[in-house]
Amino acid sequence: MAYAVPAPAQTVLPVRGSEAMFPVGRIFCVGRNYAEHTREMGHDPDREPPFFFMKPATSIVAGGGDMPYPPGTADLHHEMELVAAIGTGGRDISEEDALSHVFGYAAGLDMTRRDLQDFAKQHGRPWEVGKAFDHAAPCSSVTMASEIGHPETGAVRLHVNGTLRQDGDISQMIWSLPEVIAHISVLFALMPGDLIMTGTPAGVAGVSPGDRLKGEVEGVGRIEVKVV
Ligand code: MN
């Protein structure tokens, strides 16, 4: 088959302990999934139904490394998150069955142009300019669930220039991963290759060019990013 213009390259993440790569499809992100972060963003952490937004696969910075400071913002925030990598698709997936659809896990950053997101919120506009820009999703390699199981606890930490900024735990998620998968799969048919960024603990803040970010999801993976 001939393409009329160059075909987009498939975004991939390395899989730890495997020659095979994980092909990235869509990136679903969960908003306000940790109570303390919900409070720091000025909202009530009562258990309202989970809500979602997306980033394109092209926003992945595979394995970390240099992340260019994006245009159009003066307030680029870090959000360190557990990422679930979907291996088996499906719709209307039950909570009981949800984890069987997860191929593995990664440590990812939901980078956010907070000033643009805040403007969008205030004006009832979509969030893409705040969340779905180029290089907005640095992500570690994928660790297979067949190797580590499905973590229910584990620290989610981020250091910036050696200072601890975020220090939460997967167990603090308002909506657990099985509940998140059950909710998303009602609204979208999940597909192999989809990633789910599961939300961030408290401590989000701005970064500047030259800053070094070191993130970790305990038992899952690490990521290092330099803002350039
Ligand atoms: Mn987030």
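A residue counts as buried when its relative accessible area is under 20%, as exposed when over 50%, and as partly exposed in between. The model on screen is predicted.

**Stop 1: Trp127 and its ring partners**

Select Trp127. With a relative accessible area of 18%, Trp127 is buried, because the cut-off for that class is under 20%. Now add Phe53, which at 11% relative accessibility also counts as buried. The ring centres of Phe53 and Trp127 are 5.5 Å apart and the planes stand at 55 degrees, so this pair is tilted. Phe53 belongs to strand 4 (residues 52-55), while Trp127 sits in the loop between helix 3 (114-122) and helix 4 (128-131); the pair links distant parts of the chain, 74 residues apart. Add Phe51 to the selection: ring pairs join Phe51, Phe53 and Trp127 into a cluster.

**Stop 2: Phe22 and Phe103**

The whole structure holds 4 aromatic pairs. One of them is formed by Phe22 and Phe103, which are stacked, at 5.9 Å centre to centre with 25 degrees between the planes. Phe22 is in strand 2 (residues 21-23) and Phe103 in strand 9, so the pair ties together parts that lie 81 residues apart in sequence. Colour by accessibility here: Phe22 counts as buried at 5%, whereas Phe103 counts as partly exposed at 28%.

**Stop 3: His101**

Move to His101, in the loop between helix 2 (95-98) and strand 9 (102-109). His101 has a relative accessible area of 9% and is buried. What is His101 in contact with, leaving aside its neighbours within four places in sequence? Show Ala85, Ile86, Gly87, Thr88, Gly89, Gly90 and Ile93, which are its contacts on that basis.

**Stop 4: a sheet of 3 strands**

Select strands 10, 7 and 16. They make an open sheet in the order 10-7-16, with antiparallel pairing. Strand 10 (112-113) and strand 16 (206-207) are the edge strands, each pairing on one side only. Next, display the backbone of strand 7 (residues 76-77), which pairs with strand 10 in the antiparallel sense over 2 bridges. Leu76 has Arg113 of strand 10 as its bridge partner.

**Stop 5: a nonpolar surface patch**

Switch to a surface view and select Met54, Val186, Leu187 and Phe188. These residues make a nonpolar surface patch of about 360 Å². Phe188 is found in the loop between helix 6 (177-187) and strand 15 (195-197). Is Phe188 buried or partly exposed? At 31% relative accessibility, Phe188 counts as partly exposed.

Key: Residues are numbered from 1 along each chain as its sequence is written. This is a predicted model: local features need pLDDT of at least 70, side-chain atom pairs count only at pLDDT 80 or more; totals for chains, interfaces and linings use all residues. Side-chain values use heavy atoms; hydrogens and water are left out. Patches are made of residues with over 30% relative accessible area and no salt bridge: like charges are joined within 9 Å, nonpolar side chains (Val, Leu, Ile, Met, Phe, Trp, Tyr) within 5 Å. Accessible areas come from the Shrake-Rupley method with a 1.4 Å probe; for residues, only the protein chains shown count as cover. A salt bridge is a side-chain nitrogen of Lys or Arg within 4 Å of a carboxyl oxygen of Asp or Glu. Helices (H or I, at least four residues) and strands (E, at least two) are DSSP runs, numbered from the N terminus. Buried means under 20% relative accessible area, exposed over 50%, partly exposed in between (1.4 Å probe, protein chains only). Two strands pair if DSSP finds at least two bridges between them. Contact means heavy atoms within 4.5 Å. Rings of Phe, Tyr and Trp (its six-membered ring) pair if their centres lie within 6.5 Å; planes under 30 degrees apart count as stacked, over 60 as edge-to-face and the rest as tilted.
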